[in-house]
Amino acid sequence: MEKIRIAILGFGQRGYIYANIIKSHPDEMELAAVCEINPVKKPFIMQMFDIKEEDYYTDYKEMFKKGKIADILVIATMDRDHYEQALTALELGYDLLLEKPIAVEIDHCLAIRDKANALGRKVAVCHVLRYTPFYRKVKEIIDSGRIGKVATLSQTEHIGYYHYAHSYVRGNWRRADASAPMILAKACHDLDIIQWLIGEKCTAINSFGNLFYFKKENAPEGSADYCYKCEIACPYNAIEFYKSHPDWFMIFSLDPDVGKVLSDELVNYGRCVYKSDNDVADHQVVSMVFASGATANLTVTAFSNEIHRGVKVHGTKGEIAGDLEEGRITIKIYGEKPETIDVKAGETDLSGHAGGDVRMLLDFARNVRSGEPQSGLTDINYSIESHRMAFAAEASRLAGGKVIKL
Ligand SMILES: NC(=O)c1ccc[n+]([C@@H]2O[C@H](COP(=O)([O-])OP(=O)(O)OC[C@H]3O[C@@H](n4cnc5c(N)ncnc54)[C@H](O)[C@@H]3O)[C@@H](O)[C@H]2O)c1
């Protein structure tokens, strides 16, 4: 079988995940090139993934000067870089696995979609949840008609207090002007799933939310600006958290000395969570109505002990309730005995977004190799809908909950 050659632009947390998936499927895929701007990472990446000097780039413009050097380009740089990089890569002839969000302005998202369609390129947006056995099962049950017509759907995303602090208070997504509003950066996945499960266009949306807690007025009295100087017991103590979670620490540091790294005040990950320069919402609710009159709501919150997603679907003949991380779905057909499905049973790989990462990459690679038209679940032509919804939700939130028609 001819191997599909994949290049990765942006070798951070996501780039590393995709490289590992490629490495673990050597019969089908090959990591053809890497472009990563951070020079410190170069020796590790080259050694770990057996990349030759001539296949390693630190400047994407240099890589693009070589033309199309792989079948697929994975774009896993930060949100604001996607637009220009995706447009250039499409012109060069690449099919793209494009990290979400597609871009941070709706016009830019549409421009990428239109260019892909005009040039006949494939673009899969990394809405990995569609590929999880869990959500595929929920979709299959809805489409089977067992619960009748969907009237109401309720999705919750519990970000997890420590994950929120890592990414949205101290990390890359803490400021909307440097990345994207939280509802786009984090919850475009949820909006995408809601729209996919209901299977109709969203026609109106409104949203409330704000930065409720991670701000100066909530700092405990006597707290320091950085955790390494602070003597107050706190669930957000960065030194304690990263010492006990080395996998999270490695996302931003190759130096394993947590105490040393986090006593450098230029490293944002050691900052007090109440005294950072964050401005994105820490909780948000979104209400939606769809073409048939079906409604949905989404709650996204930083305030949860665990990271998990849940969904409830209320149909005219029955309801479904499930939890992604538990991997269990309960179906209650009205008047009948409830049935519970364990979606983990028989599944061998549930790593990375409950199995979504590996299934999405394999599906896209196989589709590109087949030469057939794009067939995957996360074609940019579908993903554009969730992005429209996210932009509308943010516009509504900023306008105090105004209804936005789509
Ligand atoms: N699909 C998902 O579920 C999911 C989950 C997390 C993040 N993401 C998205 O994936 C993207 C990457 O997120 P991440 O968590 O991997 O971030 P990250 O910061 O860990 O990785 C980004 C990498 O890109 C590199 N980079 C930045 N500019 C570059 C340039 N010009 N040329 C080459 N390399 C460059 C950085 O040095 C870094 O290593 C973001 O858009 C994010 O929103 C998606």
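**Exercise 1. Determine how far apart the centres of domain 1 and domain 3 lie, and place the ligand relative to the domains.**

Solution. The centres of domain 1 and domain 3, taken over C-alpha atoms, are separated by 32 Å. The model is a predicted one, in which local features need pLDDT of at least 70 and side-chain atom pairs count only at pLDDT 80 or more, while totals for chains, interfaces and linings use all residues. Residue numbers run from 1 along each chain as its sequence is written.

Step 1. The domain bounds, which come from an automatic or database domain assignment, are 4-126 + 361-370 for domain 1, 130-214 + 278-360 + 374-405 for domain 2 and 216-270 for domain 3.

Step 2. Domain 1 and domain 2 both contribute residues to the shell around the ligand, so the ligand lies between them.

**Exercise 2. Describe the residues around the ligand.**

Solution. Step 1. A residue counts as near a molecule if its C-beta atom, placed from the backbone, lies within 6 Å of it. There are 25 residues around the ligand, and Gly10, Gly12, Gln13, Arg14 and Glu99 come nearest.

Step 2. By class, the shell holds 11 nonpolar, eight polar and six charged residues. Here Ala, Val, Leu, Ile, Met, Phe, Trp, Tyr, Cys and Pro are nonpolar, Asp, Glu, Lys and Arg are charged, and the others, Gly among them, are polar.

Step 3. Helix α1 (residues 13-23) gives the most to this shell, with three residues. Helices (H or I, at least four residues) and strands (E, at least two) are DSSP runs numbered from the N terminus.

**Exercise 3. Assess the overall fold of the protein from its secondary structure and its radius of gyration.**

Solution. Step 1. The protein has 14 helices and 15 strands. Its radius of gyration is 22 Å, close to the 22 Å that the globule rule gives for 406 residues, so the protein is as compact as a globular protein of that length. The radius is taken over C-alpha atoms, and the rule is 2.2 Å times the number of residues to the power 0.38.

Step 2. Along the principal axes, the C-alpha atoms fill a box of roughly 60 × 60 × 40 Å.

Step 3. Of the 406 residues, 45% are buried. Buried means that 20 or more other C-beta atoms lie within 10 Å of the residue's own, exposed means 12 or fewer, and partly exposed is in between, with C-beta atoms placed from the backbone.

**Exercise 4. Identify the centre of contacts in the largest nonpolar core and the helix with the largest share of it.**

Solution. Step 1. A nonpolar core is a set of buried Ala, Val, Leu, Ile, Met, Phe, Trp, Tyr and Cys residues joined through C-beta atoms within 7 Å. The largest one has 122 residues, and Ile8, Val74, Leu96, Leu98 and Val138 have the most contacts inside it.

Step 2. Helix α9 (residues 188-198) supplies the largest share of this core, seven residues. In α9, 11 of its 11 residues are buried, including Trp196 and Asp190. Gly199, just after α9, takes a positive phi of about 75°.

Step 3. Beyond its neighbours within four places in sequence, Val74 is in contact (C-beta atoms, placed from the backbone, within 7 Å) with Ile6, Ile8, Leu9, Gly15, Tyr18 and Leu97.

**Exercise 5. State whether Asp50 and Ala354 are buried or exposed, and describe their backbone.**

Solution. Step 1. Asp50 has a positive phi near 55° and sits in the loop between α2 (42-49) and β3 (56-57). Asp50 is exposed, with 10 other C-beta atoms within 10 Å.

Step 2. Ala354 has a positive phi of about 50° and belongs to the loop between β14 (339-342) and α13 (356-370). Ala354 counts as buried, with 24 C-beta neighbours inside 10 Å.

Note on methods: Two residues are in contact if their C-beta atoms, placed from the backbone, lie within 7 Å.
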